[in-house]
Amino acid sequence: MTWTELVMGAADEHDGDPTMTDVRTGQVLTRTAFARRVTRVAGGLRGQGLRYGDQVLIDLPLGIELATAVHAVVWAGGVAALHTRGPARMLIAQRAHGPVRTDVERVFTVEPSPGAQQFAELMGERAVDFGPLAGPALVLYGGRTLRLEELTEDLRQIDEELLLEEEDVVLAAVSDTFRGLRAFDIAMMAASSVVIAHEPSLIGCRVLIEEHEVTLTVAAPELARRLACDPDLRVLDERAIVRALAL
């Protein structure tokens, strides 16, 4: 199984259907619904002309839409770039900023924006049933490209180390988009639910931990240190989930 298959395809291996909660938007989605979105958005991207190896710039805040966009691009055979430097086949953003870009062929936005198509319109009836097995998949802010094989193997390794269960609830209170995406992937692969914090603070995290009965918090180093003072909390420094990738 590949990276995206591990995230959305393991649902068949478990009785439950874990949920993902986006604190910023209030959106709650089951993994089954997430998998449906990913495959259909991938179909929409193909319908808009995305070809294997095409780069798609993604400028979205950490949350369900980001995870959907990244995995849909990769599932469609494209390369998801977590930066906004062109040129590129497409750009997926929260909203359009400034004049229409000439170095991007198509622009999709979550919020209605002049000169852009809405991201939601990509989710049609046509789904992509099978994604690529290998090749470049994700470009990070500094320009480093991660291959599908790397992301898949790393996710398996983290899953073996953390030993999450279906009953677990993971709080992603991280400092950057990729680490948040990784925390999301880890929870979904293990069939655990995940809560994605927005601008996490110590007090905010404590509220979310109690409200959602969180069993594991993945947090930025200083926040993790402060949360770890409570012996009843299981806390993981966010650097641990990207260490094997030398990030």
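This tour moves through one predicted model, from an aromatic pair to a helix crossing, two nonpolar cores and a buried aspartate. Residues are numbered from 1 along each chain as its sequence is written, and side-chain values use heavy atoms, with hydrogens and water left out. Because the model is predicted, local features need pLDDT of at least 70 and side-chain atom pairs count only at pLDDT 80 or more, while totals for chains, interfaces and linings use all residues.

Begin by selecting Phe-34 and Phe-184, which form the 1 aromatic pair of the structure (ring centres of Phe, Tyr or the six-membered ring of Trp within 6.5 Å). Their centres lie 5.3 Å apart with 70° between the planes, an edge-to-face arrangement (planes over 60 degrees apart, against under 30 for stacked and tilted for the rest). The pair links distant parts of the chain, with Phe-34 in helix 2 (residues 31-47) and Phe-184 in helix 5 (residues 177-189), 150 residues apart; helices here are DSSP runs of H or I, at least four residues, numbered from the N terminus. Phe-34 counts as buried because its relative accessibility is 1%, and Phe-184 counts as buried at 2% (buried means under 20% relative accessible area, with a 1.4 Å probe and protein chains only).

Keep helix 5 displayed and add helix 3 (residues 64-75), whose axis comes within 11 Å of that of helix 5 and crosses it at roughly 85° (axes are lines fitted to C-alpha atoms over the stretch in contact, with angles from 0 to 180 degrees between N-to-C directions). The two helices are therefore roughly perpendicular (65 to 115 degrees). Leu-66, Ala-67, Val-70 and His-71 in helix 3 meet Thr-177, Leu-181, Phe-184 and Asp-185 in helix 5, where contact means heavy atoms within 4.5 Å.

Next, select Trp-3, Ile-58 and Leu-138, which touch the most other members of the largest nonpolar core, a set of 66 residues (buried Ala, Val, Leu, Ile, Met, Phe, Trp, Tyr and Cys joined through side-chain atoms within 4.5 Å). Helix 3 gives the most to this core, with 9 residues. Leaving aside neighbours within four places in sequence, Ile-58 has contacts that include Leu-66, Val-70, Ala-81 and Ile-92. A second, separate core of 14 residues includes Leu-171, Val-195, Ala-197 and Cys-205.

Finish at Asp-154 in helix 4 (residues 148-162), which counts as buried because its relative accessibility is 4%. Beyond residues up to four places away in sequence, Asp-154 touches Arg-182, Ile-241, Ala-244 and Leu-245.

Notes:
Buried means under 20% relative accessible area, exposed over 50%, partly exposed in between (1.4 Å probe, protein chains only). Angles under 35 degrees count as roughly parallel, over 145 as roughly antiparallel, 65 to 115 as roughly perpendicular and the rest as oblique.
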